[in-house]
Amino acid sequence: MKVAVLLSGGLDSSYLAYLGSKWGLRILGVHVDDGFDTEISKNNIQKLCKAAKIDLLRGVGTVVGSGEVRFVGEEGEKLVTAERIILA
């Protein structure tokens, strides 16, 4: 199952993404830059995704519907779909 997890870099979202990857879910980490990110949270996200082999998208995005996130990142705008989206 493909699951998009919106990652803040904090404990809750990071742990859910980690558990999902250990349970065999295909995790897509989505980090929405709200302008208030700290270097610590950015580093936490990078380390987590590398260690747990989680694909990561970074940029500006909004949840637009059940199972969809409209995302604008370095590669331009895209609609990310997943069977589940977790915000923690």
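What follows is a working chat about a predicted model.

Biologist: Before we go into detail, what sort of model is this?

Modeller: It is a predicted model, so please read every value in our chat as computed from it.

Biologist: Fine. Let's start with helix 2: how does its span compare with what 1.5 Å a residue would give?

Modeller: Helix 2 has 14 residues, which at 1.5 Å a residue should span 20 Å, and its end C-alpha atoms are 20 Å apart, so the expected and computed spans agree.

Biologist: And which residues of helix 2 are buried?

Modeller: Ser41, Ile45, Leu48, Cys49 and Ala52 are the buried ones in that helix. Viewed down the axis of helix 2, its buried residues fall within an arc of 90°, and therefore they line one face of the helix.

Biologist: Which exposed residues sit on the face turned away from that buried side?

Modeller: That face of helix 2 carries Glu39, Ile40, Lys47, Lys50 and Ala51, which are exposed.

Biologist: Charges next. How many salt bridges does a search of the whole structure find?

Modeller: The search finds one. Its partners are Lys42 and Glu39, whose closest N and O atoms are 3.7 Å apart. Side chains of opposite charge can pair when their charged atoms come close.

Biologist: Where do Lys42 and Glu39 sit relative to one another?

Modeller: Both are in helix 2, and because they are three residues apart, about one helical turn separates them.

Biologist: Are those two buried or exposed?

Modeller: Glu39 counts as exposed, at 54% relative accessibility, whereas Lys42 counts as partly exposed, at 26%.

Biologist: What comes after helix 2?

Modeller: Helix 2 is followed by Lys53, which has a positive phi, of about 55°, although Lys53 is not a glycine. This residue lies in the loop between helix 2 (39–52) and strand 3 (55–65), and Lys53 is exposed, with a relative accessible area of 77%.

Biologist: Switching to the interior, which residues make up the largest nonpolar core?

Modeller: There are 10 residues in that core, namely Val3, Val5, Leu7, Ala17, Ile27, Ile45, Leu48, Cys49, Ala52 and Ile54. At least two residues of this core come from strand 1 (2–6), and at least two come from helix 2. In soluble globular proteins, nonpolar side chains tend to be buried together.

Biologist: Which element gives the most to this core?

Modeller: Helix 2 does, with four residues.

Biologist: Now aromatics: how many aromatic pairs does the structure hold?

Modeller: The structure holds one. Tyr15 and Tyr18 form this pair, which is stacked, with 6.4 Å from centre to centre and 25° between the planes.

Biologist: Where are Tyr15 and Tyr18 in the fold, and how far apart along the chain?

Modeller: Both tyrosines lie in helix 1, three residues apart, which is about one turn of the helix. Tyr15 is partly exposed, with a relative accessible area of 49%, and Tyr18 is also partly exposed, with a relative accessible area of 35%.

Biologist: One last residue, Ser13: where is its place, and is Ser13 buried or exposed?

Modeller: Ser13 has its place in helix 1 (residues 11–22), and Ser13 is buried, with a relative accessible area of 1%.

Biologist: What lies 3.1 Å from a polar atom of its side chain?

Modeller: The backbone nitrogen of Ser8 lies at that distance from a polar atom of the Ser13 side chain.

Key. Residues are numbered from 1 along each chain as its sequence is written. This is a predicted model: local features need pLDDT of at least 70, side-chain atom pairs count only at pLDDT 80 or more; totals for chains, interfaces and linings use all residues. Side-chain values use heavy atoms; hydrogens and water are left out. Buried means under 20% relative accessible area, exposed over 50%, partly exposed in between (1.4 Å probe, protein chains only). A salt bridge is a side-chain nitrogen of Lys or Arg within 4 Å of a carboxyl oxygen of Asp or Glu. The expected span of a helix is 1.5 Å times one less than its number of residues. The arc is that of the directions from the helix axis to the C-beta atoms. A polar contact is a pair of N or O atoms within 3.5 Å; within protein, one must be able to donate a hydrogen and the other to accept it, and residues adjacent in sequence count only if both atoms are side-chain atoms. Rings of Phe, Tyr and Trp (its six-membered ring) pair if their centres lie within 6.5 Å; planes under 30 degrees apart count as stacked, over 60 as edge-to-face and the rest as tilted. A nonpolar core is a set of buried Ala, Val, Leu, Ile, Met, Phe, Trp, Tyr and Cys residues joined through side-chain atoms within 4.5 Å.
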